[in-house]
Amino acid sequence: MFRSLFGKGAVSRQYNDTTLIAAGTTIEGDIVFSGTLEVEGRVHGDIRALDDTEAVARILPGGHVRGAVLVPVIVINGEVVGNVYSTEHVELASAAVIHGDVEYSLIEMTKGAQLNGRLVYRSVPAGSGA
């Protein structure tokens, strides 16, 4: 399993740690991270935020994920083959292509985005502050 080496909780938010999977890079295995993850390359495995983080994942143009994405805030402008789970906000930009279901509490979808799956609304849990 690939694990980000960045700190947890307030440290992550304070320094806004960013992990980049660059174009031309392929990760085989799951990614567990805090802070921000930007994917321009390929990930063959699940992407998961550490518990109790305000994590953001961005699948950028040219980025490809084959696996589930479980992150509070997700911006997709590349391709995901797998289910997407967000507890806060999902943004599907114009070049987004998703082959799987999207579970969300708040969603934005731009003209041109493609979803081959279901949209499933999940209410924000009481006391979450959102």
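Here a biologist and a modeller talk through a predicted protein model.

Biologist: Before we start, what should I know about the numbering and the atoms used?
Modeller: Residues are numbered from 1 along each chain as its sequence is written, and side-chain values use heavy atoms, with hydrogens and water left out. This is a predicted model, where local features need pLDDT of at least 70, side-chain atom pairs count only at pLDDT 80 or more, and totals for chains, interfaces and linings use all residues.

Biologist: Thanks! What makes up the secondary structure of the protein?
Modeller: One helix and 19 strands. Helices (H or I, at least four residues) and strands (E, at least two) are DSSP runs, numbered from the N terminus.

Biologist: Where is Ser86, then?
Modeller: Look in the loop that links strand E13 (84–85) to strand E14 (89–92).

Biologist: Why is Ser86 called buried?
Modeller: Buried means under 20% relative accessible area, exposed over 50%, and partly exposed in between (1.4 Å probe, protein chains only). Ser86 has 7% relative accessibility, so Ser86 counts as buried. In the protein, 46% of the 130 residues are buried.

Biologist: How do you know that the side chain of Ser86 makes a polar contact with Pro72?
Modeller: A polar contact is a pair of N or O atoms within 3.5 Å; within protein, one must be able to donate a hydrogen and the other to accept it, and residues adjacent in sequence count only if both atoms are side-chain atoms. The side chain of Ser86 reaches the backbone oxygen of Pro72 at 2.5 Å, so this pair fits the definition. That side chain of Ser86 also reaches the backbone nitrogen of His89, at 3.0 Å.

Biologist: And what makes Ser105 buried?
Modeller: Its relative accessible area is 13%, so Ser105 falls under the buried cut-off. Ser105 sits in the loop between strand E16 (102–104) and strand E17 (107–109). Its side chain reaches the backbone oxygen of Thr87 at 3.0 Å, and a polar atom of that side chain lies 3.0 Å from the backbone oxygen of Glu88.

Biologist: Which residues touch the most other members of the largest nonpolar core?
Modeller: Ile47, Val71 and Ile76, in a core of 27 residues. Among the strands that each supply at least two residues of this core are strand E7 (47–49) and strand E11 (73–76). The name means a set of buried Ala, Val, Leu, Ile, Met, Phe, Trp, Tyr and Cys residues joined through side-chain atoms within 4.5 Å.
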